[in-house]
Amino acid sequence: MTTTESNDVSSDDSPAVIPDPNAVSVIINGKQFIARQGDLIIKAAEDAGVYIPRFCYHERMSPVGMCRMCLVEVDTGRGPALMPSCMFPVAPGMVVDTESPVSKAAQEGVIELLLANHPLDCPVCDKGGECPLQDQSFSHGPGESRYVEEKRHYEKPIPISELVFLDRERCILCDRCTRFADEVAGDALIHFTSRGNTTQVITFPDEPFSSYFSGNTVQICPVGALTAKPYRFKARPWDLEEAESTCTSCAVGCRIAVQSSRDELLRYQGVDSDPVNWGWLCDKGRFGFEGIKHDDRLTTPLVRTAQGHEATSWNAASAAAVQLITDAIAAGGASSVAVLGGARGNNEDAFAWARLAHDVIGTPNVSAQFADGLPVGVLGMPRATIDETAAAPTVILLAPDLKEELPVLYLRLRDAAVKHRSRVIEFAPKASGLTRYAWRTVFYEPGTQAEAVRAALATTDIAAQVAMGDVVIVVGRANLAESSAPTVAALHALVAALPNARVLPALRRGNVMGAISVGMRPGKGGLDSRGILNAAADGKIECLILVGADPLADVPDGDLARRAMAGARRIIAVDTFINASSALADVVFPAAAYAEKSGTTTNIEGRVTTLAQKVTVTGTSRPDWMVAGDLALRLGTDLGFRSVDDITASIAATVDGFEDVTPLALAHAPNGVLTSVVVMEPVVTPSIVLAERNSYDFRLVVSRKLYDQAIGTSTSPSLSPLAPGGAVFVHSLDVARVGSAIGASVKVSTPKATIVLPLAADDSVQRGTAWIPFNQSGANPGDLIDAAAIVTDVRIESI
Amino acid sequence: MSRLSEDNVRIALEIIGHYPRARSATIPLLHLAQQQDGYVTNDAIRHIGELVGATSAEVLGTATFYEMFKFEPVGKYLVNICRTMSCALLGGDQLMHHAEHTLGIKAGSTTPDGLFTLEHAECQAACTEAPTLQVNYRYRFRVTPETFDALIDDLRAGRLDSEIPPHGTVSRVRQRIPVDRGVGVVAPEDVTTAPSWMLAPEAAK
Ligand code: SF4
Ligand code: SF4
Ligand code: FES
Ligand code: FES
């Protein structure tokens with residue numbers, strides 16, 4: 001929107017100007033503006049610098065005209081009339097007056113009515129100080145009320161989910177939360193009930209608002225009616241300081257505002273990044289800050305003595321670690337050292353560790369994945385951004401359940417599907433969150449996805465659909481109980497048939513893309529993660545370095561992880577907590593956690609954004625890159641890194657694809673900078689020879705739920721109770737085959753191991769397959785998984 | 001608390017078949033549920049949600065908008081006595097008083113035998129016949145204490161069974177239109193052309 005001097009846009013001095021067909025000339029408060037066709041008046045006015053008060057209008061949701069706060073006088077040629085400006089698009093020649101006496105009287109009237117029943121308990125309300133109702137009562141309200149009657153009363157806050165409380169007295173019925181639940185999240189578990197004066201937001205009895213995205217409603221509620229358990233009564237907005245950052249709980253890379261008070265993390269709020277999260281966050285990302293201030297955080301380095309781990313100084317720990325590394329090199333050569341991890345830190349951490357591993361120690365055995373990812377060559381395939389994916393006519397999913405693993409990507413693709421921009425063709429072993437919205441879902445038996453893809457592409461309707469234009473393939477590991485080979489084979493089948501298709505990798509750990517890109521990947525002739533674990537299990541790894549890696553929890557093949565940890569001769573861990581794996585380390589360095597260090601991160605589309613340090617580190621912990629720099633120095637090489645910015649600059653200068661990602665560019669790009677795709681070693685088509693599934697057996701699917709026992713969830717008091725717990729799920733028609741009652745414990749066995757889990761029925765599981773969520777309480781399905789096998793067949797028997 | 005019976009599911013599917021979108025059948029199905037149990041049970045709400053592809057919260061939200069859906073058990077006969085202007089002027093209040101006395105309950109409650117629920121109502125659009133009341137939405141005009149008592153006696157004795165069905169039955173004869181006899185309404189999203197009456201003059205030519 002621009003202010004023009006004259007009414008005539010194409011004046012005589014510029015005859016070449018072709019009138020913009022989308023330009024609509026309107027007069028707002030006496031000045032002429034050019035708005036865009038289709039813009040709502042409220043938006044056009046805002047772009048022109050005129051703020052119209054509002055409660056229900058939200059840019060990312062459809063307008064509903066619920067609150068009437070945005071009433072302004074509009075003259076479309078028939079004389080001025082009050083109109084809700086969030087409901088009407090601009091029209092040529094429209095005259096809008098947001099400050100006329102009539103507009104003001106209308107706005108004051110709405111405020112007075114809204115406040116008639118409002119409890120005005122601002123002093124004890126979380127929203128006080130950042131409340132649109134407070135603010136707009138001041139700026140657009142009458143200043144006093146004529147209402148002297150008793151106000152409406154409801155029971156003060158009632159929980160509508162484990163995380164969110166509803167105070168119905170404060171609610172102004174703006175329909176933001178309910179619209180969000182229905183339109184954006186697709187979890188219409190809250191709704192208005194009743195009518196007139198008794199209208200209220202409710203959940204159905206025994207069906208709480210357990211959406212993965214519930215926290216967004218708290219953020220967008222324009223009053224203090226919705227509050228979040230982790231933040232209730234923790235701070236006043238004016239005590240909060242904030243820094244903009246990026247969520248790294250998964251690799252979507254949602255922008256957030258990290259807020260703290262007195263050096264304590266208190267809240268994350270979503271920031272609207274147009275190419276990524278549109279302001280939304282999932283609850284795991286939003287409330288994950290609780291784990292960072294957990295009492296069990298490591299505060300000092302630890303070294304193993306005969307009595308177990310003992311706290312020590314950084315100096316002593318570094319010396320001990322260097323000794324372990326030099327001993328290892330002396331015993332087995334540089335390649336007997338292996339480094340696993342990097343995906344949980346930032347680009348700078350990963351880069352420093354990659355330099356240390358490849359250049360200083362000289363080992364090619366480096367991996368940022370845990371035998372649960374994809375060959376790194378996938379990152380070298382032509383890539384699509386999230387925006388391009390959500391705009392492509394065809395999106396092919398060959399991916400894990402995005403709602404569980406990359407939640408806000410799920411929101412973006414759900415939006416594309418429900419708004420009919422994209423048709424989603426899903427290949428899956430089990431129904432996912434997107435199945436409801438997919439144009440076609442092809443269920444395959446694990447291991448057979450390549451055939452499923454080829455068969456589907458041969459059908460006329462799918463062939464016609466993929467010929468309609470851009471195709472984006474979202475690719476990741478849908479099943480941890482199978483190797484990556486079937487997925488890679490299916491990807492090859494797709495790319496062979498659709499040479500112009502682009503790929504969006506659906507890898508999960510926060511900075512997995514960045515870590516791999518900046519060098520946390522196997523060097524020439526190096527081992528990948530599975531190779532490293534196998535070598536360790538075989539006693540060939542003299543020193544295993546874990547950088548934010550917990551193989552015992554992360555690696556699907558539990559037995560391989562245990563043997564690797566037992567077989568590695570020396571173990572060094574850099575971690576924020578003592579977990580199953582760092583407990584076995586000889587030296588443990590306490591790592592600075594998220595929001596305790598700055599840097600950059602790379603999301604699934606290769607977008608680099610900044611991470612802010614908001615609070616001081618826990619204890620004496622340090623960012624991973626400093627640990628790497630110190631060890632390198634002690635091993636005789638100065639990496640030359642004195643600050644995070646040094647490393648960011650060094651990445652831009654030396655890492656292919658990161659040329660544009662300079663500290664300066666990042667400072668001017670709130671939405672981050674896209675890296676370019678660098679072709680890596682091509683992914684070879686694996687040959688897959690599947691044994692026939694014995695008809696007594698179930699083919700196993702193991703996949704992750706949003707909430708599990710991973711450290712980020714289990715250390716968060718609000719999130720840890722949300723993990724559903726372990727069970728083995730079969731289709732309801734397969735229950736009889738098992739011969740046990742639902743809920744009874746059953747034996748699930750492979751030739752390798754037997755575990756006991758309760759039996760459950762779930763019709764999203766396909767017949768003939770069994771599904772076990774990964775890393776939940778109870779027996780570990782990883783015990784059944786063999787990293788060397790293509791698929792896993794299990795027998796389920798009653799006890 | 002019960003879900004729709006097998007017979008009613010059959011009717012429900014038939015009703016759903018009349019609409020291009022299953023959700024449009026929500027309100028007819030709520031009536032069906034109320035006819036089955038006399039009120040709309042939570043289980044029925046859940047069941048309707050499953051049938052039309054909505055969450056229980058959505059069905060409840062829609063249902064509670066309407067006065068005539070009840071979510072707690074009501075008597076076999078729901079007696080609504082009008083209290084709006086005409087009726088109030090012509091003795092509606094006294095009539096309610098009398099009704100409370102006769103039935104031994106306060107307005108808004110149900111007799112212990114489960115036969116009668118007494119409620120206030122707003123204008124029933126029969127002001128010329130004030131005071132009026134409805135029993136399961138069947139009118140009684142110019143009601144006096146005597147005719148009220150007679151009405152209650154008749155209901156108790158089952159003498160009006162042929163005229164006044166139990167609460168929840170909207171009509172005594174259900175119109176059953178087999179799905180294949182429907183007019184085949186097209187869902188709004190599937191409409192590709194403007195209806196002929198809507199075409200711009202030039203285009204219509
Ligand atoms: S709870 Fe908040 S967001 Fe929801 S309708 Fe009420 S005021 Fe609006
Ligand atoms: S989707 Fe991922 S990046 Fe976004 S808030 Fe959730 S965990 Fe964080
Ligand atoms: S903002 Fe326009 S009606 Fe609420
Ligand atoms: S006032 Fe009673 S019917 Fe109209």
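**Exercise 1. Find A:Trp278 and describe its backbone and its surroundings.**

Step 1: A:Trp278 sits in the loop of chain A between strand E14 (264-270) and helix H6 (283-287). Helices (H or I, at least four residues) and strands (E, at least two) are DSSP runs, numbered from the N terminus. The model you are looking at is predicted, so local features need pLDDT of at least 70, side-chain atom pairs count only at pLDDT 80 or more, and totals for chains, interfaces and linings use all residues. Residues are numbered from 1 along each chain as its sequence is written, chains are lettered from A and ligands numbered from 1 in the order in which they are written, and side-chain values use heavy atoms, leaving out hydrogens and water.

Step 2: Although A:Trp278 is not a glycine, its phi is positive, about 55 degrees.

Step 3: A:Trp278 counts as buried because its relative accessibility is 16%. Buried means under 20% relative accessible area, exposed over 50%, and partly exposed in between (1.4 Å probe, protein chains only).

**Exercise 2. Explore the loop between E2 and E3 of chain B.**

Step 1: Start with B:Ala125, which has its place in this loop. Phi of B:Ala125 is near 65 degrees, a positive value in a residue other than glycine.

Step 2: With a relative accessible area of 67%, B:Ala125 is exposed.

Step 3: Now move to B:Pro131, in the loop between strand E2 (116-121) and strand E3 (133-135). A cis peptide bond, with omega about -10 degrees, joins B:Ala130 to B:Pro131.

**Exercise 3. Which residues surround ligand 2, and how do they divide by class?**

Step 1: Take the residues near the ligand, meaning those with a heavy atom within 4 Å of it. Around ligand 2 they include A:Cys247, A:Cys250, A:Cys254 and A:Cys282, along with A:Ser249, A:Gly253, A:Leu281, A:Gly285, A:Pro407 and A:Val408.

Step 2: Sort them by class: Ala, Val, Leu, Ile, Met, Phe, Trp, Tyr, Cys and Pro count as nonpolar, Asp, Glu, Lys and Arg as charged, and the others, Gly among them, as polar. The shell of ligand 2 then has seven nonpolar, three polar and no charged residues.

Step 3: Do the sorting again for ligand 1, whose surroundings include A:Cys171, A:Asp175, A:Arg176 and A:Cys221. That shell gives 10 nonpolar, no polar and two charged residues.

**Exercise 4. Trace the largest nonpolar core.**

Step 1: A nonpolar core is a set of buried Ala, Val, Leu, Ile, Met, Phe, Trp, Tyr and Cys residues joined through side-chain atoms within 4.5 Å. The largest one has 90 residues, and A:Leu413 is among those with the most contacts inside it. Helix H12 (residues 407-418) of chain A gives the largest share of this core, seven residues.

Step 2: Look at the contacts of A:Leu413 (heavy atoms within 4.5 Å). Leaving out residues up to four places away in sequence, A:Leu413 touches A:Thr389, A:Ala390, A:Val395, A:Leu397, A:Leu402, A:Leu434 and A:Val474.

**Exercise 5. Describe how chain A meets chain B.**

Step 1: The contact takes 13 residues from chain A and 14 residues from chain B.

Step 2: About 1,100 Å² is buried between the two chains, with 60% given by carbon and sulfur atoms. Buried area is the accessible area (1.4 Å probe) that two parts lose on being put together, summed over both. In chain A, A:His191, A:Arg195 and A:Phe204 lose the most area to chain B, together 49% of what that side buries.

Step 3: The rule finds two salt bridges across this interface, each a side-chain nitrogen of Lys or Arg within 4 Å of a carboxyl oxygen of Asp or Glu. A:Arg195 forms a salt bridge with B:Glu67, with the closest N and O atoms 3.9 Å apart.
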